[in-house]
Amino acid sequence: MVLFHYALVDDLIPQEEFERRVEQKIEECGDLLDEPTAAMLVVGALGRQHVRVRELSGKSSLFCFFAKVVDKTEPKEFVRKDGEKGWVATLLVGDETGTTRIVLWDEKAGAVLEIAIGDVLEIIGRHPGKNMREIYALALRKATCEITCTVPAGNGTGLSAEPVDLDVLLIGAGAPRTFTRRDGTTGEMQECVIGDATGTARLVVWAPDLLLGIPAGSALHIAGAKPDRRSEGRAYSLDESGTVSLSDAVVTVPFAPLASVSDNGYYSVHGEVKTVHEPRSFTSRDGTTSWVRNIRIGEGDEVLSVVLWGEHALVPVHPGDRIEIYHAAAKPGRFGGIELGVGRGSIFRVPHEETRAITFTGTIIPGNGCTFIDNGTERYLIEREFPAGCDVKITGVLSGSRIIPERSEPAERSPDAVAERLAALAARLDAPLPP
C-alpha cells in the first residue's frame, strides 16, 4: 500500500525515506492512523495533493485523485508495431466537477475485471504527451470515500461507440463545406452545435441534405448518431445511414453561471457585454487573414473574459448588449484568470438580432479576413467561401448582419440589372459622409 502512494513522490525522495516518514507519522499519532492515511499525509507534506477531475489539465506530471467509475470496457488484445501482443482497457470515471477516461495497459488492463460501475477508485496517473483528455493509470485501488458524479445514461456519454438516438435542439449550423476523400473524390459535410438538458455537443453531418430546410432553434429527433471518442467534449457524427426528423419535444439547453466556468471544458453562457475591444487582424498558420476580438461579459457580480475568433470577431456588439455563447472552450488566460474562446464549432449570438429567411443576389467581395455579398445597396457578411467577384443567388437565413447560406446558384445579370447596380453604387459613393 505504501508503494501506491510512493509513486506520487518517487522523483522527490528515495523509497526508504518515504517508508521511514510514514512510520514516523504513525508513531506521532499514537497508532491512530492506518498506513494509507499516513502515506497520504506524507505525500501532502511533500506538496503532492489529491485533485479533482477538472484540475487534471494542470501542468503536474503526475496526478492523484478520487473518482467514481461511470463506464468501462473489457480488456482488448492488440498487436504492437514490433509484433508483440498487448492488452488495453478503458474506464470512464468522474466526480462532481467532470469526467475523464482512464487507460490501463497490459497487466493493469486485467484490473477492470474486478472493478464494477459505481466503485470509487483512488488513481495515480499521467497524461499521454499533450493529450489532456485521457489519463494513463500508473496505479489504482478501490477507496471507501463517497464521490458524487451525475452522468446521464445513454446518449453517447459512456465509452461505447455504438450509434445512439438523440432528442436535441439545433442551436446552430454552419454552411456545408466540400472535402476531399483519400481516394480523391469529394463530398460535403456540415458542422453543427446541438444541445439538450445535459449541455451542448458538436455534430458533424456527412450528408448535409439531412438538415436541409431545418432552421436553428428546431427540436430534432436524431437516429443513428455515432459518438466521436477522439474529440474533446461531447461530439457525434451522422452519415446517410442516420435520420433527422422534427420533434414536438420541448428541449431546454442550460446556461452555466459565469462563476462556474473553470479553466477547461466546454461551456454555454449568457450575459451583458461590459467592455468591447476593436477587432484585430492576424495571419493564421495557413497564411490567410483572420480576426480576433476581446470582450468581457457580466451577469450580476460575475465577469468573464471572452475571446472571439474569425467571423465571430466581426459581429457588431456594444456595451450593454445581451449575448449568448454556446459550446465555447475555456482555458487559462494569458494574463491570469479564465478565458472563454469562441471559435470554429461555437455559436455566438446577439438574441435581439433579426433572424429570417432570405433570398439575396449580389457580388462576392473579399474583405480583410471575411467575405461580403453586395448588391449595390445592401451588403452582408456571408458564412461561406465563394470565388471573389462572382455573382451568386443565395437562399438562407439572415441573422443580424450575416447570411448563413443553405443553397446557392450562379446569378446571371441582364444589361439593365448591371446598369441599375452601377447607378446605385455611384449614388453611394457620391453620398456625403456622416458627421
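Select aspartate 119 to begin: this residue of the predicted model is buried, with a relative accessible area of 18%. The threshold for burial is under 20%, so aspartate 119 falls on the buried side of it. Its place in the chain is the loop that links strand S4 (98–105) to strand S5 (120–126). Now display the surrounding residues. Setting aside neighbours within four places in sequence, aspartate 119 contacts Ala67, Lys68, Val69, Glu114 and Lys142. Add alanine 116 as well: its backbone nitrogen is 2.8 Å from a polar atom of the aspartate 119 side chain.

Next, show the whole protein chain as a cartoon. The chain contains 4 helices and 25 strands. Of its 435 residues, 42% count as buried. Among contacts between residues at least 6 apart in sequence, 57% join residues at least 24 apart.

Move to helix H2, residues 15–28. At 1.5 Å a residue, its 14 residues should span 20 Å, and the distance between its end C-alpha atoms, 20 Å, agrees with this. Which residues of H2 are buried? Select Phe18, Val22 and Ile26, which are the buried ones to inspect. Viewed down the axis of H2, the buried residues lie within an arc of 75 degrees, so they line one face of the helix. Rotate to the other side of H2, where Glu16, Glu27 and Glu28 are exposed. After H2 comes glycine 30, with a positive phi near 65 degrees.

Proceed to the largest nonpolar core, which has 25 residues. Select Val269, Ile297, Val306, Ile323, Ile325, Leu340 and Phe348, the members that touch the most other members. Then colour the strands that each supply at least two residues of this core: S14 (266–276), S16 (289–299), S17 (302–309), S18 (322–332) and S19 (338–342). The largest share, 4 residues, comes from S18. In soluble globular proteins, nonpolar side chains tend to be buried together.

Within this core, centre the view on isoleucine 297. Beyond its neighbours within four places in sequence, isoleucine 297 is in contact with Leu258, Val269, Glu272, Val273, Lys274, Glu302, Val303, Leu304, Val306 and Ile323. For a second, separate core, of 19 residues, select Phe63, Leu121, Ile135 and Ala137, which are among its members.

Return to S19 and examine its pairing. In which sense, parallel or antiparallel, does S19 pair with S17? The two strands pair in the parallel sense, over 4 bridges. Here valine 306 stands opposite leucine 340 of S19; valine 306 and leucine 340 were both selected above in the largest core. S18, by contrast, pairs with S19 in the antiparallel sense, again over 4 bridges. Select lysine 331 to find its bridge partner in S19, glutamate 339.

Finish at the hairpin of S18 and S19, which has 5 residues between the strands. Glycine 336 in this hairpin takes a positive phi near 95 degrees. Glycine 333 is also found in the loop between S18 and S19. Is glycine 333 buried or exposed? At 14% relative accessibility, glycine 333 counts as buried. Apart from residues up to four places away in sequence, glycine 333 touches Ile338 and Glu339. As a last step, draw a distance between the C-alpha atoms of glycine 333 and valine 306: the two residues are 27 residues apart along the chain, and these atoms are separated by 9.7 Å.

Definitions and conventions
Residues numbered from 1 in each chain as written. Predicted model: local features only at pLDDT ≥ 70, side-chain atom pairs only at ≥ 80, totals over all residues. Heavy atoms only, no water. Core = buried A, V, L, I, M, F, W, Y, C linked by side-chain atoms within 4.5 Å. Buried < 20%, exposed > 50% of the residue type's maximum accessible area, 1.4 Å probe, protein only. Contact = heavy atoms within 4.5 Å. Expected span 1.5 Å × (residues − 1). Arc of directions from axis to C-beta. Polar contact = N/O pair within 3.5 Å; in protein donor to acceptor, adjacent residues only side chain to side chain. Pairing = 2+ DSSP bridges.
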